[in-house]
Amino acid sequence: MDREGQKRIVEALVLGAPEPVTAQKIAEIVPGLETEDARALLAELGREYEEQGRAFEIWEVAGGYQLRTRAEYASYLRLLHRERPLRLSRAALETLAVVAYRQPVTRAEIEAVRGVEVDAVLKSLLDRQLLRIAGHREVPGRPMLYATTRRFLEVFGLGRLDDLPTLREMEELLAPGADEPGPPPPASAAGAGAGEPGDEAEGAETEPAAELH
Amino acid sequence: MTSPGTMGAELRPDGVSAANACAIKLQAFEGPLDLLLHLIKLAEVDITDIPIAEIAAQYTEYVGLMHELDLDVAGEYLLMAATLAWIKSRMLLPPEGAGEEDEGPDPRAELVARLLEYQRYKEAAEQLGERSLEGRDVFAARTPELEPPSEEERPLAVSLVALLEAFRRVLARSTGSGRHEVTAEPIHVRDRMLAVMEALARCESIEFERIFELEPERARSRALLIATFLAILELVRLAALRVYQGLDDDGVPAGPIRLRRAEGPGADEWTAAVAEIT
């Protein structure tokens, strides 16, 4: 099969997948395609969409690849998805941030950082499968440990946990002019996903959220 | 999300002008640390050298205002007010062993460390919120699984945590009420499974916590309650039972957890499975 043919199959697989599809999976399916080739074709597709000015782009999220609409069309898509909009309160974001950077972490540790009770927000994040229970800490009381999920990576458009921007160091906060938060991460984190695929996502969090079947 | 509108309503550091604006502003704080950071920023002071008397006074004023406005002042705000008062008193005391070079640790040090730690995560949270979120800013092409997952594979519409919490309430209510346990008759999970399904044959759905009240109160031993809970879990596993919960406007599960018979093929196979349990 020629390269162009392979590329179209890769495109079809990414479009028709129920969740982000890995380069490895694509290589298993497409005859004569190695994982590295799959990544190269995905990068080519990303460039094609960009050159053609398509309304979507390829993202690398949760260890796989996914087609997503470009952020500039958000207002239209929100009208389409009016029924169940994604809403994350500041309490939810702060709790997610503490868990994401310190996981696995107990409720008491989250509360110590935030200075407020987090019972209700933890429950809501578990129900929305952005957090999961990752066992117990072996100390008296055996408190539950919380960690982020694969869904968390998907919602925040992260390839893997390592893609989180590093926390600012204490020294930085104390430096002159530290009042202003650093520049926001490029809203075009999309850019990162669109062009150059990174390393294999072996280290990425792939555990599904805790569920009772 | 914090809308720019909410955060825009600034309160003057020197006092309280428009009560309405304050109410909006106060709700925008994520707790005492957040409020303190805000006051320190407004006062334009160095976080490592907080004028504690000034900041404590402003903090107390805010918390008092929250009371006046009938806002729900969480205990953590009051605890912080007490901490500030304690630090203030320590600052007024002459350092122990006055005259020596070493003045001892700064009473503010621990608070400063907490504030800085919180600030790191607050900023990280802001950065998370500024990303292009799936379902808010970008939307994924996602083909649903063609076949709906079989009943066994489908996750419960209620989290395990919520279910355990509900069961803990049931246990808590039972203690102290008629714990006779005179009969040494063993309780079988299988029998409880039958009892639960019988009850559900009579009505479409039952509130989870009510299902533990099938037996007269004096018969509700801890062993019976636990066996009933295990029976429910087993029935869910056998796809005979569905455990679910309503959603509120935000799509967050809310309200009582309910049970109903599962529908579809396989819904009656549980009887065969029960027969096999010895």
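**Reasoning about rings, charges and backbone**

Modeller: In this predicted model, Phe167(B) and Phe212(B) are both buried.

Colleague: What makes a residue such as these count as buried?

Modeller: The term requires a relative accessible area under 20%. Tyr121(B) serves as an example with a value: its relative accessibility is 4%, so Tyr121(B) counts as buried.

Colleague: Why is Tyr101(A) called partly exposed?

Modeller: Its relative accessible area is 23%. Partly exposed is the range between under 20% and over 50%, so Tyr101(A) belongs there.

Colleague: How do you know that Tyr101(A) and Tyr121(B) form an aromatic pair, and what makes the pair edge-to-face?

Modeller: Eight aromatic pairs are counted over all chains. In the one formed by Tyr101(A) and Tyr121(B), the centres are 6.5 Å apart and the planes meet at 65°. Centres must lie within 6.5 Å, and planes over 60 degrees apart count as edge-to-face, so both conditions are met.

Colleague: Why is this pair said to join two chains?

Modeller: Tyr101(A) belongs to helix α5 of chain A, whereas Tyr121(B) belongs to helix α6 of chain B, so the contact joins the two chains.

Colleague: Why is the pair of Phe167(B) and Phe212(B) called tilted?

Modeller: The ring centres are 5.4 Å apart and the planes stand at 40°. That angle is neither under 30 degrees nor over 60, so the pair is tilted. Phe167(B) lies in helix α7 of chain B and Phe212(B) in the loop between β1 and α9, 45 residues apart. Both also belong to a cluster, linked by ring pairs, with Phe208(B) and Phe229(B).

Colleague: What makes Arg68(A) a charge over the ring of Trp59(A)?

Modeller: Arg68(A) lies over the face of Trp59(A), at 4.9 Å from the ring centre. The distance must be within 6 Å, so that part of the rule is satisfied. Arg260(B) lies over the face of Tyr244(B) in the corresponding way, at 5.5 Å from the ring centre.

Colleague: Why is Glu44(B) called exposed and Arg142(A) partly exposed?

Modeller: Glu44(B) has a relative accessible area of 69%, and exposed means over 50%, so the term applies. Arg142(A) has 43%, which lies between the two limits, so Arg142(A) is partly exposed.

Colleague: What is the phi of each of these two residues, and where are they found?

Modeller: Phi is near 55° for Glu44(B), a positive value in a residue other than glycine; Glu44(B) is in the loop between α3 and α4 of chain B. Phi of Arg142(A), also positive, is near 40°, and Arg142(A) is in the loop between β4 and β5 of chain A.

Note on methods: Residues numbered from 1 in each chain as written. Chains lettered and ligands numbered in written order. Predicted model: local features only at pLDDT ≥ 70, side-chain atom pairs only at ≥ 80, totals over all residues. Heavy atoms only, no water. Phe/Tyr/Trp six-rings, centres within 6.5 Å; stacked < 30°, edge-to-face > 60°. Helix = DSSP H or I, 4+ residues; strand = E, 2+ residues; numbered from the N terminus. Buried < 20%, exposed > 50% of the residue type's maximum accessible area, 1.4 Å probe, protein only. Lys NZ or Arg CZ within 6 Å of the ring centre and 35° of its normal.
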